[in-house]
Amino acid sequence: MKDIMGNIWVKRCVSIFEVTYLAVIAMFAYATFLYDLVFVNGKEASFLVIYAVASIIFLILMLYTRDMFVTKAISVLLLPIVFFLLLFNLSNNNWTLIIPPLIVALVIFFASATTETIKVILGTIYLLLYVLGIVVYVACNILFSGSDVETVLDMDLDPESTLYAQYEDQLVHLAEVTDDDNAISPDGRYRFYLTDVEDSDKGCVKIYVVPNGQDIKLQFFSLNQKGIRKTITTKGTRYIVPDVGWTVEEDDDGNSVLYVAYRLTEDSSWTKSKVTNMPDKNYLEFLGITG
């Protein structure tokens, strides 16, 4: 057994297998750049256990092959990949996804058999990358999104929150408006949703339209499309759930045109907004840039 474990070809094969971990973390970083990763209710703890155990196993394998070239390469590549994973998940505080690979990356970086010179140079670069990157991230979010707090209005509101209490007497109406049968367009291509915005003024209720059917549903989590949304109105009054629905009308050429129809209060008139033309995907949404 000792001869097998010490065999150079066994170590080389194991080190090549470790690339799987690097690829999975890179995949998570890329996926959360394009999508919001949202855990299925009750599945986050199960995912964390599997994720943490897998990270421990791969860390042990990396320590076993720390003098192999492939493992050395992984040790210097993993930290920058985890940096982007961190950057893309800070906005939703998704620490479940960040912490296990961050620990693995730090341990193998210092434990691998790369030369001390490389560790000092790259360690300094990575330290600056993390510190300056997070500072720039925080600065951009403060600059572009400010201190506004925007909360999606649907039946998943936390019953213990102050916001829930403010909308409690309108929950039946909120359920009717945000139900999939009403929120999804007749052609199934779009859906609208409402948000409550708390700002330094009196706040507002916003109506957005986003593509429908582009989310990816997996066992433990779903990847929800982000960066593509059209603002229908920002003039809704806080604590009043507007009437919202869809309507299809023909234009002068006989083509069907899809509209969101909304009424912000019972006393106001109905307004229509065309939603056929959606904006391009905003790839910088994680920095708080919403325009």
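Begin by selecting lysine 119, which counts as buried because its relative accessibility is 9%, where buried means under 20% relative accessible area, exposed over 50%, and partly exposed in between, computed with a 1.4 Å probe and protein chains only. The model on your screen is a predicted one, in which local features need pLDDT of at least 70 and side-chain atom pairs count only at pLDDT 80 or more, while totals for chains, interfaces and linings use all residues. Residues are numbered from 1 along each chain as its sequence is written, and side-chain values use heavy atoms, with hydrogens and water left out.

**First stop: a pair in helix α7**

Keep lysine 119 selected and add glutamate 116, and you will find that the two side chains meet in a salt bridge with an N to O distance of 4.0 Å. The term salt bridge is used here for a side-chain nitrogen of Lys or Arg within 4 Å of a carboxyl oxygen of Asp or Glu. Because glutamate 116 and lysine 119 are 3 residues apart in helix α7, about one helical turn separates them. Glutamate 116 is exposed, with a relative accessible area of 56%, whereas lysine 119 is buried. The helix and strand names on this tour come from DSSP runs numbered from the N terminus, with helices being H or I runs of at least four residues and strands being E runs of at least two.

**Second stop: two strands tied together**

Now select arginine 263 and aspartate 243, whose side chains form a salt bridge at 2.8 Å, N to O. Arginine 263 belongs to strand β9 (residues 256-263) and aspartate 243 to strand β8, so the pair ties together parts that are 20 residues apart in sequence. Arginine 263 counts as partly exposed at 22% relative accessibility, while aspartate 243, at 15%, counts as buried.

**Third stop: a link between distant parts**

Which residue forms a salt bridge with aspartate 36? Select lysine 226 to see the partner, and look for the closest N and O atoms, which are 3.9 Å apart. This pair links distant parts of the chain, since aspartate 36 is in strand β1 (residues 35-39) and lysine 226 is in the loop between β6 (221-225) and β7, 190 residues away. Aspartate 36 is partly exposed, with a relative accessible area of 27%, and lysine 226 counts as buried at 9%. A search of the whole structure finds 5 salt bridges.

**Fourth stop: two surface patches**

Turn next to the surface and select Leu127, Leu128, Val131, Leu132 and Val135, which form a nonpolar patch with about 480 Å² of accessible area together. Of these residues, valine 135 can be placed in helix α7 (residues 116-145). Patches are made of residues with over 30% relative accessible area and no salt bridge, where like charges are joined within 9 Å and nonpolar side chains (Val, Leu, Ile, Met, Phe, Trp, Tyr) within 5 Å. The accessible areas come from the Shrake-Rupley method with a 1.4 Å probe, and for residues only the protein chains shown count as cover.

Then select Glu176, Asp179, Asp180 and Asp181, which form a negative patch on the surface. Lys and Arg count as positive and Asp and Glu as negative, with His and the chain ends not counted, and the place of a charge is taken as NZ of Lys, CZ of Arg, CG of Asp or CD of Glu. Glutamate 176 lies in helix α9 (residues 171-178) and counts as exposed at 51% relative accessibility.

**Fifth stop: two loops with positive phi**

Select asparagine 93 in the loop between α5 (69-89) and α6 (95-111), and note its positive phi of about 50°, although asparagine 93 is not a glycine. Asparagine 93 is exposed, with a relative accessible area of 52%. Tyrosine 239, in the loop between β7 (230-236) and β8 (243-250), also has a positive phi, of about 70°, although it is not a glycine. Its relative accessible area of 30% makes tyrosine 239 partly exposed.

**Last stop: a strand residue and the cysteines**

Select lysine 206 in strand β4 (residues 204-211), a buried residue with a relative accessible area of 18%. The C-alpha atoms of lysine 206 and proline 242 are separated by 9.5 Å, although the two residues are 36 residues apart along the chain.

Finish with cysteine 140, which counts as buried at 17% relative accessibility, and cysteine 204, buried with a relative accessible area of 9%. How many disulfides does a search of the whole structure find? The search finds 0 disulfides, a disulfide being a pair of cysteine sulfur atoms within 2.5 Å.
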